[in-house]
Amino acid sequence: MLIILNIEGKVMGFQEKSAWVMLATLVLTAALYFYNVLSLSTADGLAPPLLPVLLVYTVILVVIAVVGHIAAALMSPKEANAAPDEREKQIADRAESQAGRVMGFLIMLSLAVYLFSYSGHLLFYGVFASLIIGQVAEYLLQIVYFRTASL
């Protein structure tokens, strides 16, 4: 019940519920994926990126996101079908803009690490993690902006 209510005790809008669903889904699946990568790695180096493993975690992410969004939509079907209002659009735009900076910085950092390590596997995982962290930052910022109503 705590996740459904915001600070003022009002029911969350669908866009905020969606951000919570995606945040939880991304964090869970990314943690599982990188735990798997670390467990497959040896003292000699990182495990190579494997397409089948990526596909499995992508399917898991999609299934959890779909189930979560269906549950959120069932709680408030009218809001789920409504287009985002102007405030929600501004929140999404600002969060996306700031998260893009985070992702860009992390990708540049990944490229810099590559210049010193020359590890293609590390570059792949660094860029992949940058993309995930960028999305996590976007959903976190959306939640913060929805909760504080600040732009």
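## Exercises on a five-helix chain

N81 belongs to helix α3, which covers residues 77-81. We will return to this residue below. Keep in mind that the model is predicted.

**Exercise 1.** Is N81 buried or exposed? And how far is N81 from L131 in space?

*Solution.* Start with the relative accessibility of N81, which is 70%. A residue is called exposed when this value is over 50%. N81 therefore counts as exposed. Next, look at the pair: N81 and L131 are 50 residues apart along the chain, and their C-alpha atoms are separated by 28 Å.

**Exercise 2.** Describe the chain as a whole: its helices and strands, its outline and its share of buried residues.

*Solution.* First, go through the elements: there are five helices and zero strands. Reading along the sequence gives the pattern α-α-α-α-α. Second, the C-alpha atoms fill a box of roughly 55 × 30 × 25 Å along the principal axes. Third, of the 151 residues in the chain, 31% are buried. Finally, take the contacts between residues at least 6 apart in sequence: 81% of them join residues at least 24 apart.

**Exercise 3.** Work out how helices α1 and α2 are arranged relative to one another.

*Solution.* Step one is to find the helices: α1 spans residues 14-40 and α2 spans residues 51-75. Their axes come within 9 Å and cross at roughly 155°. Angles over 145 degrees count as roughly antiparallel, so α1 is roughly antiparallel to α2. The crossing of the two helices is also right-handed.

Step two is to see which residues meet. On the α1 side they include F14, V21, L28 and L32, and on the α2 side they include V53, Y57, I64 and A72. The residues of this contact divide into 17 nonpolar, six polar and one charged.

**Exercise 4.** Which residues of α2 are buried, and what do they pack against?

*Solution.* The buried residues of α2 are V53, L54, Y57, A65, G68, H69 and A72. They pack against α1 and against α5, residues 120-148. A general rule helps when you look at such a list: an α-helix has 3.6 residues a turn, so residues three or four places apart point the same way.

**Exercise 5.** Check the lengths of α2 and α5 against a rise of 1.5 Å a residue.

*Solution.* Begin with α2, which has 25 residues and should span 36 Å. Its end C-alpha atoms are 36 Å apart, so the two values agree. Now repeat the check for α5: its 29 residues should span 42 Å, and the end C-alpha atoms are 41 Å apart, which agrees.

**Exercise 6.** What is the sign of phi at Y118, and where does Y118 lie?

*Solution.* Most residues other than glycine have a negative phi. Y118 has a positive phi, near 55°. This residue lies in the loop between α4 (86-117) and α5. With a relative accessible area of 60%, Y118 is exposed. Then look just past the other end of that loop's neighbour: α5 is followed by A149, whose phi is also positive, near 55°.

**Exercise 7.** Where is Y35 placed, and is Y35 buried or exposed?

*Solution.* Y35 sits in helix α1. Its relative accessibility is 61%, so Y35 counts as exposed. To finish, compare sequence and space: Y35 and G100 are 65 residues apart in sequence, and their C-alpha atoms are 25 Å apart.

Note on methods:
Residues are numbered from 1 along each chain as its sequence is written. This is a predicted model: local features need pLDDT of at least 70, side-chain atom pairs count only at pLDDT 80 or more; totals for chains, interfaces and linings use all residues. Side-chain values use heavy atoms; hydrogens and water are left out. Axes are lines fitted to C-alpha atoms, for helices over the stretch in contact, and angles run from 0 to 180 degrees between N-to-C directions. Helices (H or I, at least four residues) and strands (E, at least two) are DSSP runs, numbered from the N terminus. Angles under 35 degrees count as roughly parallel, over 145 as roughly antiparallel, 65 to 115 as roughly perpendicular and the rest as oblique. A crossing is left-handed if the near helix is turned anticlockwise from the far one by less than a right angle, and right-handed if clockwise. Contact means heavy atoms within 4.5 Å. Ala, Val, Leu, Ile, Met, Phe, Trp, Tyr, Cys and Pro count as nonpolar, Asp, Glu, Lys and Arg as charged, and the others, Gly among them, as polar. The expected span of a helix is 1.5 Å times one less than its number of residues. Buried means under 20% relative accessible area, exposed over 50%, partly exposed in between (1.4 Å probe, protein chains only).
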